[in-house]
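Visitor: Got a minute to walk me through a structure? I'd like to poke around a few side chains with you.

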Amino acid sequence: MVKKIIDHNKMPTLKEYKAPYIIQFDKLGDPSSGYISVGQNDKLPFEVKRVFWTYYTPESVVRGRHAHHFTEQILIAASGRIVVTTEQANGKVEFFVLDNPSMGIYLPPNVWHTMQYSHTSTQLVLASTLFDEKDYIRDHNGFKKVWHN
């Protein structure tokens, strides 16, 4: 397996990133037999390098609280409800409610985000990079310094 190395000295410019947006995945099936949603790499905004999920998160816990230098993500509520709050580099704050497994939210690297879950939620995340702690901006003031210039 080839590990893609992130060059932290080649920071992309803000103009290269999109704003968060909802992705509607294909939904196949019917109410009598159930559904399947499909997201293939040729229809996603990036090639998926990592998949992870979170579950059994208490409703009182707010997760996320970070942004990324490079990683793009798609968040999907595979079950339950997830409220995603985003803050773009220009200061625009948006709220997205994920409550249908046939939809997700695209998060570009320049977006601070938090998630709050219903207790029954399972969040599926598709990521454009392998895990690299150096890619995370975990301090909100640090996010503003990097992206609000």
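**Side chains, one by one**

Guide: Let's start with K92: its relative accessibility is 44%, so K92 counts as partly exposed. Keep in mind that this is a predicted model.

Visitor: Okay, what does the K92 side chain meet in a salt bridge?

Guide: E94. The side chains of K92 and E94 form a salt bridge, at 4.0 Å from N to O.

Visitor: How many salt bridges are there by this rule?

Guide: The count comes to three. One of them joins K49 to E47, where the closest N and O atoms are 3.9 Å apart. Another is between R138 and E133, with the closest N and O atoms 2.8 Å apart.

Visitor: Is E47 buried or exposed?

Guide: Exposed, as its relative accessible area is 51%. Its partner K49 is at 37% relative accessibility, so K49 counts as partly exposed.

Visitor: And R138 with E133, what are their relative accessible areas?

Guide: R138 has 46%, which makes R138 partly exposed. E133 has 41% and is partly exposed too.

Visitor: Switching topic. How many aromatic pairs does the structure hold?

Guide: Five aromatic pairs. Take Y21 and Y106: the ring centres are 5.0 Å apart and the planes sit at 35°, so this pair is tilted. The pair also links distant parts of the chain, since Y21 is in strand β1 (residues 21-24) and Y106 is in strand β9 (residues 103-107), 85 residues apart.

Visitor: Why is that pair called tilted?

Guide: Because the 35° between the planes of Y21 and Y106 is neither under 30 degrees, which would be stacked, nor over 60, which would be edge-to-face.

Visitor: Is Y106 buried or exposed?

Guide: Y106 counts as buried, with 2% relative accessibility. Y21, on the other hand, is at 30% and counts as partly exposed.

Visitor: Which residues do ring pairs link into a cluster?

Guide: Y21, F46 and Y106.

Visitor: Got another ring pair for me? What about F131 and Y136?

Guide: Their ring centres are 5.5 Å apart with the planes at 50°, so F131 and Y136 are a tilted pair. F131 is partly exposed, at a relative accessible area of 45%, while Y136 is buried at 13%.

Visitor: Let's go to T71. Where does T71 lie?

Guide: In the loop between β5 (62-68) and β6 (73-79).

Visitor: So it's in a loop. Is T71 buried or exposed?

Guide: Buried: T71 comes out at 1% relative accessibility.

Visitor: Which side chains make polar contacts with the side chain of T71?

Guide: The side chain of T129 does, at 2.5 Å, and so does the side chain of D135, at 2.4 Å.

Visitor: What else does T71 touch?

Guide: Leaving out residues up to four places away in sequence, T71 touches R50, L107, P108, P109, A127 and S128, along with T129 and D135.

Visitor: D135 again. Which side chain of H68's polar contacts is at 3.0 Å?

Guide: That of D135: a polar contact of 3.0 Å joins the side chains of H68 and D135. D135 therefore turns up in polar contacts with the side chains of both T71 and H68. H68 also has a 3.3 Å side-chain polar contact with H66.

Visitor: Where's H68, and is H68 buried or exposed?

Guide: H68 lies in strand β5, and at 2% relative accessibility H68 counts as buried.

Visitor: There's another histidine I'm curious about. Where is H113?

Guide: In strand β10 (residues 112-117). H113 counts as buried, at 2% relative accessibility.

Visitor: Which residues is H113 in contact with?

Guide: Apart from neighbours within four places in sequence, the contacts of H113 include R63, G64, R65, H66, A67 and H68, and also Q73, T85, T86 and L107. H113 and R65 are 48 residues apart in sequence, with their C-alpha atoms 5.7 Å apart in space. The side chain of H113 also reaches the backbone oxygen of V111, at 3.1 Å.

Visitor: Last one, a strand question. In which sense do β2 and β3 pair?

Guide: Antiparallel, over five bridges, with β2 at residues 26-30 and β3 at residues 34-38. A hairpin of three residues joins β2 to β3.

Visitor: What's the bridge partner of G29?

Guide: Y35, in β3.

Terms used:
Residues numbered from 1 in each chain as written. Predicted model: local features only at pLDDT ≥ 70, side-chain atom pairs only at ≥ 80, totals over all residues. Heavy atoms only, no water. Phe/Tyr/Trp six-rings, centres within 6.5 Å; stacked < 30°, edge-to-face > 60°. Helix = DSSP H or I, 4+ residues; strand = E, 2+ residues; numbered from the N terminus. Buried < 20%, exposed > 50% of the residue type's maximum accessible area, 1.4 Å probe, protein only. Pairing = 2+ DSSP bridges. Polar contact = N/O pair within 3.5 Å; in protein donor to acceptor, adjacent residues only side chain to side chain. Contact = heavy atoms within 4.5 Å.
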